[in-house]
Amino acid sequence: MSFAIHFAPPEASSVAGRVDVLFYGVLAFSTALTLLLTGLVVYYAVKYRAGTSADRTGARGRSLPLEIGWTGASLVVAFIIFAWGAELYVYRDQPPADALEIAGLGKQWMWTFRHAGGQREINELHVPAGKAVVVSLASQDVIHSFYVPAFRLKQDAVPGRTTHLWFIADKPGRYHLFCAEYCGTQHSEMGGWVTVMPPEQFAQWLAAQGQDESLAEGGARLFRALGCSGCHGPSSKVRAPDLAGVYGKPVALSDRQTVVADEAYLRDSILQPAKQIAAGYDPIMPSFDGLIDESELQMLVAYLKSLSASSPGRSETSQ
Ligand code: CUA
């Protein structure tokens with residue numbers, strides 16, 4: 001029987017080693033400082049305890065250079081730690097453009113995932129090793145938190161918005177996935193496994209799951225079923241913006257502001273259309289809040305994004 005206590009899970013993502021260096025670096029620095037200060041406190045407490053003949057006549061004056069020195073040094077150290085953490089934060093916040101996209105959804109009490117080809121998983125997530133993967137996270141109900149300790153990554157899934165987390169899993173294996181935000185009675189059971197496979201094996205696995213309706217195809221189906229195409233389609237008599245190519249482009253609003261049509265904008269435009277009106281159009285679009293659920297919203301956004309994909313002829317709303 002092994003009594004070994006694993007101090008930390010394995011480092012299984014491209015960012016894990018860098019997080020650990022930062023963590024152990026700050027821990028070592030704090031430990032050294034704690035030992036130094038505690039040592040001085042104990043030393044002086046013993047030396048100047050009541051009844052000793054220690055010399056107590058020393059000057060009580062202040063040394064300005066000394067005060068400036070230690071204050072300045074603390075400031076410099078604090079900024080070094082800040083810059084170190086900030087650099088890592090910015091890195092883990094910017095997925096590469098060619099990352100594999102997976103839609104993740106948290107709900108009481110499970111994680112569901114959909115691959116770009118439509119393959120679904122529950123409490124299991126298969127990803128290829130050595131390839132950048134970006135998981136977009138949404139929540140159906142309350143705040144959940146996607147947490148894979150071996151990746152050293154944690155990201156909240158917040159109702160009403162889409163958040164992202166990306167990683168390159170560099171070691172094939174199975175790693176625990178948790179929900180790290182208290183979300184109700186079965187919070188502690190909400191989790192599963194991330195399986196990292198060599199790319200060829202992953203491709204085989206994906207093919208074996210069968211080709212389901214892709215996320216964007218599901219979105220296109222909803223776009224017609226919900227009647228969106230009636231107004232946003234090319235043959236529509238109602239004046240509504242043509243959505244082909246809108247994703248990622250600046251949109252002029254009626255209040256003279258300009259916003260970039262990112263995922264948050266698309267999402268808001270579906271749920272709260274009155275919030276930002278495109279310049280030159282009437283605020284006549286109904287809200288779909290409560291009519292579609294989070295996974296349908298993910299499909300619609302995937303469809304609208306696909307209309308901006310560079311390949312011509314994929315667009316369904318442009319002539
Ligand atoms: Cu979901 Cu805790």
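1. Rings of Phe, Tyr and Trp, the last taken by its six-membered ring, are counted as a pair if their centres lie within 6.5 Å, and planes over 60 degrees apart make such a pair edge-to-face. By that criterion a search of the whole structure, which is a predicted model, returns 12 aromatic pairs. In one of them, Trp111 and Phe146, the ring centres are 5.7 Å apart and the planes stand at 80 degrees, so this pair is edge-to-face. Because Trp111 belongs to strand E2 and Phe146 to strand E6 (residues 144-148), the pair ties together parts that lie 35 residues apart in sequence. Trp111 counts as buried at 0% relative accessibility, and Phe146 is likewise buried, with a relative accessible area of 1%.

2. Further ring contacts deserve a mention alongside that pair. Tyr43, Tyr44 and Tyr48 are linked by ring pairs into a cluster. As for charges placed over rings, the charged end of Arg18 sits over the ring of Tyr91, 4.6 Å from its centre, and the charged end of Lys154 sits over the ring of Tyr147, again 4.6 Å from the ring centre.

3. Turning to the sheets, one open sheet is formed by 5 strands in the order E3-E2-E1-E5-E8, with mixed pairing. Strand E3 (120-122) and strand E8 (163-168) stand at its edges and have a single partner strand each, so one side of each is left without a neighbour in the sheet. From one strand to the next, the twist averages 25 degrees. Helix H7 (residues 294-306) packs on this sheet, where it touches strand E1 (100-107), strand E2 (110-115) and E5, and the direction of H7 makes about 160 degrees with that of E1.

4. Within this sheet, both kinds of pairing can be followed through strand E5. E1 and E5 run parallel and are joined by 7 bridges, and Leu105 stands opposite Ala138 in E5. Strand E5 (residues 132-139) and E8, by contrast, run antiparallel and are joined by 6 bridges; Ser136 has His164 of E8 as its bridge partner, while Ala132 stands opposite Ile168 in E8.

5. How many of the residues of E5 are buried? The count is 8 of the 8, so E5 is largely enclosed by the rest of the structure. Cover is found on both faces of the strand, since the buried residues comprise Ala132, Val134, Ser136 and Ala138 on one side and Val133, Val135, Leu137 and Ser139 on the other.

6. His164, found in strand E8, merits a separate look. Is this residue buried or partly exposed? Buried would require a relative accessible area under 20%, and exposed one over 50%; His164, at 33% relative accessibility, therefore counts as partly exposed. Leaving aside residues up to four places away in sequence, His164 touches Val134, Val135, Ser136, Gln155 and Glu263. Ala103 is 61 residues from His164 in sequence, yet their C-alpha atoms are 9.4 Å apart in space.

7. The other open sheet to examine also has 5 strands and mixed pairing, in the order E4-E10-E9-E6-E7. At its edges stand strand E4 (124-128) and strand E7 (153-157), each with a single partner strand, so one side of each is left without a neighbour in the sheet. The twist here averages 20 degrees from one strand to the next. Strand E9 (residues 173-179) and strand E10 (residues 191-197) run antiparallel, with 6 bridges joining them, and Tyr175 stands opposite Val194 in E10. Helix H3 (residues 199-208) packs on this sheet and touches E4 and E10, its direction making about 130 degrees with that of E4.

8. Finally, the geometry of helix H1 (residues 16-47) can be checked against expectation: at 1.5 Å a residue, its 32 residues should span 46 Å, and the end C-alpha atoms are 46 Å apart, which agrees. Ala16, Asp20 and Leu22 are buried in H1, and the buried residues of H1 pack against helix H2 (64-92).

Note on methods
Residues numbered from 1 in each chain as written. Predicted model: local features only at pLDDT ≥ 70, side-chain atom pairs only at ≥ 80, totals over all residues. Heavy atoms only, no water. Pairing = 2+ DSSP bridges. Helix = DSSP H or I, 4+ residues; strand = E, 2+ residues; numbered from the N terminus. Axes fitted to C-alpha atoms, helices over the stretch in contact; angles between N-to-C directions. Contact = heavy atoms within 4.5 Å. Phe/Tyr/Trp six-rings, centres within 6.5 Å; stacked < 30°, edge-to-face > 60°. Buried < 20%, exposed > 50% of the residue type's maximum accessible area, 1.4 Å probe, protein only. Lys NZ or Arg CZ within 6 Å of the ring centre and 35° of its normal. Expected span 1.5 Å × (residues − 1).
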